[in-house]
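Subject: Handing over a structure

Dear colleague,

Below you will find the structure that I promised to pass on to you. Please open it beside this message, and look up each residue as you come to its name in the text.

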Amino acid sequence: MLQPTGKRKPASAGRPSAGPPAFRPVQLARLVDAVPTGNRWLHEMKYDGYRTLIAVGGGEARAYTRSGLDWSDRFSALLADALKVGSALIDGEAVVLDASGKSSFQALQNALKGAPGTIDYYAFDLLELDGEDLTNLPLVERKNRLKAILPATKSRLHYSDHIIGNGEKLLHEFCDAGLEGVISKEVDGRYVGSRNGGWVKTKCIRRQEFVIVGWTPSDKSRTFRSLMLGVREDGVLRYAGKVGTGFDTAELLRLMEVMKPLEQKTPTVKAPRAEVRGAHWLKPRLVAEIAYTEMTNEGTLRHPSYLGLREDKKPEAVVLEAEAPVETIAASAITLVKISNRERVIYPESRLTKGQLADYYAAVAPIMLPWVGSRPISLVRCPQGRAKKCFFQKHDAGSFGDTVHHVGIAEKDGHEEPYLYIDTPEGLLTCVQMGTIEFHGWGARIEDVEKADRLVFDLDPDVGLDFEAVRSAAFHFREILQSIGLETFPMPTGGKGVHVIAPITPRAEWPEVKDFTHRLAQAVAQSDPKHFTAALPKAQRKGRIFVDYLRNQRGATAVMPYSARSREGAPVAAPVTWKEMETIDTPSHFHVGDQVELLKRAGSKALTGWGRASQELPDL
């Protein structure tokens with residue numbers, strides 16, 4: 001029997017842990033207006049539950065939400081079922097089935113409060129098996145391997161079946177049966193940890209998450225009459241109407257208890273006065289799943305019904321989903337995003353043009369978006385080329401259009417600012433159309449911007465040090481991190497130095513992360529003062545390599561993997577293996593134009609950055 005794990009101990013020095021595989025960002029589906037046709041698509045039921053990754057290995061098991069939260073304790077009954085594998089990372093949905101066999105989100109909510117033994121799990125993808133990364137295999141092959149490892153009977157772990165073709169007929173059958181909808185996936189598609197890729201969803205009814213911004217009192221009881229809802233638009237929370245149905249007495253009382261400590265006097269959103277008379281305003285911390293028939297011209301919900309709280313989703317990530325025409329899924333990002341002035345020279349020394357830069361980003365989008373997608377980003381924009389005026393941009397008032405999104409993040413003084421993020425090739429190419437050369441990102445995803453999912457140590461050489469010194473320092477730094485249980489990979493940045501990156505489970509918050517990396521940088525500098533320094537003043541770095549730990553704090557960014565750099569020769573920041581690092585002789589080893597080689601190499605598990613032992617911040 002597998003044992004659900006608590007906080008894991010650091011891995012043994014010099015080798016990965018033999019425990020469960022690490023969390024990976026999940027592949028997401030785009031909402032479309034019709035089911036795609038043809039035999040290149042397979043179709044599955046859209047379940048009404050919690051998206052969950054199950055990781056097993058070394059006699060232990062973990063369950064992760066779609067944002068990386070460890071919910072092993074909540075899904076302990078699922079994790080008790082044994083699988084005859086050395087290790088595996090499975091993607092699926094945790095559900096509770098009603099008497100008619102339909103999954104019910106409200107029933108799942110109730111089960112999580114006191115009856116976890118009634119929760120079932122429908123597995124639909126297999127990302128890793130016995131240490132092998134399967135994400136580059138065709139979907140049908142991954143599903144065949146998945147089916148072979150799942151228990152045949154007497155288990156709460158089930159295989160999610162599918163059909164190939166006839167998706168429209170399946171949708172009608174599901175809708176007639178009162179089910180939620182259909183997920184359609186490219187038969188030969190690889191697994192991509194973002195919304196980029198060949199998964200789309202078609203819904204029978206409209207439903208999505210909204211932020212609870214307040215409540216109006218009932219004149220018949222001590223509870224509320226309705227919840228007031230909000231949704232983010234251009235990074236700002238706006239009023240989306242009220243919901244007053246879908247609650248039983250127990251849920252009314254539970255919500256009153258949950259909302260009580262969140263009350264505030266000031267309005268959370270702007271709303272019509274008549275709509276919010278007598279309102280109790282709340283800090284925007286709670287997310288609810290709401291079903292509705294349509295959105296009015298005023299942007300409020302028609303006939304909404306409450307389904308339950310979404311504890312696995314953060315309010316910062318709640319934006320309104322819009323149906324895309326199904327025809328767009330077959331078009332390339334270059335086709336969908338018009339690149340103007342393709343002949344404009346962006347790199348004058350090599351005569352590389354805006355069109356060539358756009359072609360590079362379109363090609364590497366599948367391997368870049370799992371890194372840069374769904375995290376706050378800053379852009380280096382050089383509209384007239386790298387040799388002219390360039391500037392950083394992290395906020396936007398809407399000039400980028402619908403494909404570049406916004407997430408509201410609280411600043412130091414408490415007010416929110418709309419930070420940019422992207423999650424599709426169209427968003428990536430839109431930024432390039434707007435003059436972007438470089439992409440820099442936070443060390444956290446939009447699902448929870450307060451928890452880091454990686455550590456970045458920037459080894460920055462003093463003027464006069466050659467790359468050999470940087471490379472030697474990188475290997476030395478790797479050994480130090482291994483000695484405390486952190487596995488890493490290197491990334492020549494296309495600038496002066498190398499980033500040593502350690503993916504971590506998103507559990508620790510920024511103050512803890514910054515303190516850890518600061519103390520580690522100081523310890524490294526003290527143990528080898530001849531080669532390293534953690535001193536901020538440049539005058540104290542002479543002849544040494546600065547261990548820049550400042551990337552590991554709230555709001556700080558680092559250049560993203562596969563981003564071009566606004567430097568001579570159009571270099572690219574690209575992750576490499578430690579074996580490759582032995583022979584790389586410059587931080588600008590890869591350049592725009594190397595996309596074919598970069599795509600070929602990206603299938604290596606060592607280059608995904610996610611296929612590693614689950615890592616926590618160790619004690620220093």
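What you have here is a predicted model, and it is a good habit to begin with the confidence that the predictor assigns. The mean pLDDT of the protein chain is 88, and 95% of the residues reach 70 or more. Two stretches deserve caution, since over residues 6–17 the pLDDT is below 50, although this stretch has 24 contacts in the model beyond near neighbours in sequence. Over residues 609–613 the pLDDT is below 50 as well, and there the model has 22 contacts beyond near neighbours in sequence. When the elements are ranked by their mean pLDDT, strand β1 (residues 3–4) comes out lowest, at 51, and strand β27 (residues 436–441) comes out highest, at 98.

Let me turn to the cysteines. A search of the whole structure finds two disulfides, and if the bonded cysteines are counted along the chain, the pattern of pairing is 1-2, 3-4.

One disulfide joins Cys175 to Cys204, with 2.1 Å from S to S. This pair links distant parts of the chain, for Cys175 belongs to helix α4 (residues 167–176), while Cys204 sits in the loop between β12 (199–203) and β13 (206–217), 29 residues apart. The torsion about the S-S bond of Cys175 and Cys204 is about -90 degrees, so this disulfide is left-handed. Cys175 is partly exposed, with a relative accessible area of 31%, and Cys204 is also partly exposed, with a value of 24%.

The other disulfide joins Cys382 to Cys390, again with 2.1 Å from S to S. Here the angle about the S-S bond is 120 degrees, and the link of Cys382 and Cys390 is right-handed. Cys382 is buried, with a relative accessible area of 1%, whereas Cys390 is partly exposed, at 30%.

You may then come across Cys431 and wonder: why does the sulfur of Cys431 not form a bond with the closest cysteine sulfur? The closest cysteine sulfur is the one in Cys382, and it is 13 Å away from the sulfur of Cys431, which is too far for a bond because a disulfide needs the two sulfur atoms within 2.5 Å. Cys431 is buried, with a relative accessible area of 0%.

Next come the sheets. As general background, the strands of a sheet pair through backbone hydrogen bonds, and they do so either parallel or antiparallel.

One open sheet has five strands in the order β2-β12-β11-β3-β10, and its pairing is mixed. Its edges are β2 (30–31) and β10 (163–164), each of which has a single partner strand, so one side of each is left without a neighbour in the sheet. Within this sheet, strand β3 (residues 41–45) and strand β11 (residues 181–186) run antiparallel and are joined by five bridges; to see the pairing for yourself, find Trp41, which stands opposite Glu186 in β11. Helix α4 lies across β3, β10, β11 and β12, running at about 155 degrees to β11, and this is the helix that holds Cys175.

A further open sheet of five strands follows the order β29-β30-β28-β32-β31, also with mixed pairing. At its edges stand β29 (489–492) and β31 (532–533), and because each has a single partner strand, one side of each has no neighbour in the sheet. Strand β28 (residues 454–461) runs antiparallel to strand β32 (residues 545–548), and four bridges join them; Pro461 has Ile545 as its bridge partner in β32. Helix α10 (residues 510–527) packs on this sheet, touching β28, β31 and β32, and its direction makes about 35 degrees with that of β28. Helix α9 (residues 467–483) lies across β28, β30 (498–503), β31 and β32, and runs at about 150 degrees to β28.

Finally, here is a single residue to practise on: is Ala111 buried or exposed? Ala111, which is found in helix α2 (residues 105–114), is buried, with a relative accessible area of 2%. If its neighbours within four places in sequence are left aside, Ala111 is in contact with Val96, Pro116, Thr118 and Ile119. From Ala111 to Arg74 the separation is 37 residues in sequence and 9.5 Å in space, taken from C-alpha to C-alpha.

With best wishes

Notes:
Residues numbered from 1 in each chain as written. Predicted model: local features only at pLDDT ≥ 70, side-chain atom pairs only at ≥ 80, totals over all residues. Heavy atoms only, no water. Helix = DSSP H or I, 4+ residues; strand = E, 2+ residues; numbered from the N terminus. Buried < 20%, exposed > 50% of the residue type's maximum accessible area, 1.4 Å probe, protein only. Contact = heavy atoms within 4.5 Å. Pairing = 2+ DSSP bridges. Axes fitted to C-alpha atoms, helices over the stretch in contact; angles between N-to-C directions. pLDDT = per-residue confidence, 0-100.
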